[in-house]
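Reader: I would like to go through this model step by step, from the overall fold down to single residues. Could we begin with the order of its elements?

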Amino acid sequence: MHKTGLLGLCARAWNSVRMASSGMTRRDPLANKVALVTASTDGIGFAIARRLAQDGAHVVVSSRKQQNVDQAVATLQGEGLSVTGTVCHVGKAEDRERLVATLWMDKEKQESMKETLQIRRLGEPEDCAGIVSFLCSEDASYITGETVVVGGGTPSRL
């Protein structure tokens, strides 16, 4: 009887994993999120950009070559996905700054994003600094394996 109970538990757990990985239990889990994906015009980066967009995020793809960016954006937009792109060499500070500045250039999208946030403003890098400092401190020495969301109240459960 113990064996049957354990097998049943394993079967239910496997079914839950299978359904979650196939998207059967969630629809657009990344809606109202923006994902910046570097080196995302080919290979693993492209696959990640596609998946994030399929899951509802607006994706900004980037690469060092404009031709690669244009091709990736055209392909993903051709699939009906919300994607923009920009040239970015992550080793260059000015390129990184331009990458981050890129769905905030779209003021309508920016305002739409603000409306989804409970605190009605976009985050700033400094909004993350406090929690990082806390997690590095002895005050957090008993915290293990947690996910801390610094998201302005955006639903972020995956």
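Reader: Which pattern of helices and strands does the chain follow when read along the sequence?

Author: This is a predicted model, and the chain in it has six helices and three strands. Read along the sequence, these elements follow the pattern α-β-α-β-α-β-α-α-α.

Reader: What percentage of the residues in the chain is buried?

Author: The accessible surface of the chain comes to about 11200 Å², and carbon and sulfur atoms account for 55% of that surface. A residue counts as buried when its relative accessible area is under 20%. Of the 158 residues in the chain, the buried share is 23%.

Reader: In what order do the strands lie in the sheet?

Author: Strand β1, residues 34-37, pairs with β2 in the parallel sense over four bridges, while β2 and β3 also run parallel and are joined by five bridges. β1 and β3 (83-87) each have a single partner strand, so they stand at the edges, and one side of each is left without a neighbour in the sheet. The twist from one strand to the next averages 20°. The result is an open sheet of three strands with parallel pairing, in the order β1-β2-β3.

Reader: How many of the six residues of strand β2 are buried?

Author: One can take the two faces of the strand in turn: on one side His58, Val60 and Ser62 are buried, and on the other side Val59, Val61 and Ser63 are buried as well, which leaves both faces of β2 covered. Strand β2 (residues 58-63) is therefore largely enclosed by the rest of the structure, the number of buried residues being six of the six.

Reader: Which residue in β3 is the bridge partner of Val59?

Author: Val59 lies in strand β2 and counts as buried, because its relative accessibility is 0%. Leaving aside neighbours within four places in sequence, its contacts include Ala35, Val37, Ala49, Leu52, Val83 and Thr84. On the β1 side, Val59 is the bridge partner of Ala35, and the C-alpha atoms of Val59 and Leu36, which are 23 residues apart along the chain, are separated by 6.0 Å. In β3, the bridge partner of Val59 is Val83.

Reader: At roughly what angle do the axes of helices α2 and α3 cross?

Author: Packed helices are described by the angle between their axes together with the distance between those axes. Phe46, Ala49 and Arg50 in α2 meet Ala72, Thr75 and Leu76 in α3, a contact that by class has four nonpolar, one polar and one charged residues. The crossing of α2 past α3 is right-handed. The axes of α2 (residues 43-54) and α3 (residues 66-78) come within 11 Å, and the crossing angle is roughly 35°.

Reader: Is Asp55 buried or exposed, and what is its relative accessible area?

Author: Asp55 has its place in the loop between α2 and β2. Apart from neighbours within four places in sequence, Asp55 is in contact with Asp28, Pro29, Leu30 and Ala31. Since buried means under 20% relative accessible area, Asp55 falls in the buried class, its relative accessible area being 17%.

Notes: Residues numbered from 1 in each chain as written. Predicted model: local features only at pLDDT ≥ 70, side-chain atom pairs only at ≥ 80, totals over all residues. Heavy atoms only, no water. Buried < 20%, exposed > 50% of the residue type's maximum accessible area, 1.4 Å probe, protein only. Areas by Shrake-Rupley, 256 points an atom, 1.4 Å probe, with all protein chains shown as cover. Axes fitted to C-alpha atoms, helices over the stretch in contact; angles between N-to-C directions. Left-handed = near helix turned anticlockwise from the far one by under 90°. Contact = heavy atoms within 4.5 Å. Nonpolar A, V, L, I, M, F, W, Y, C, P; charged D, E, K, R; others polar. Pairing = 2+ DSSP bridges.
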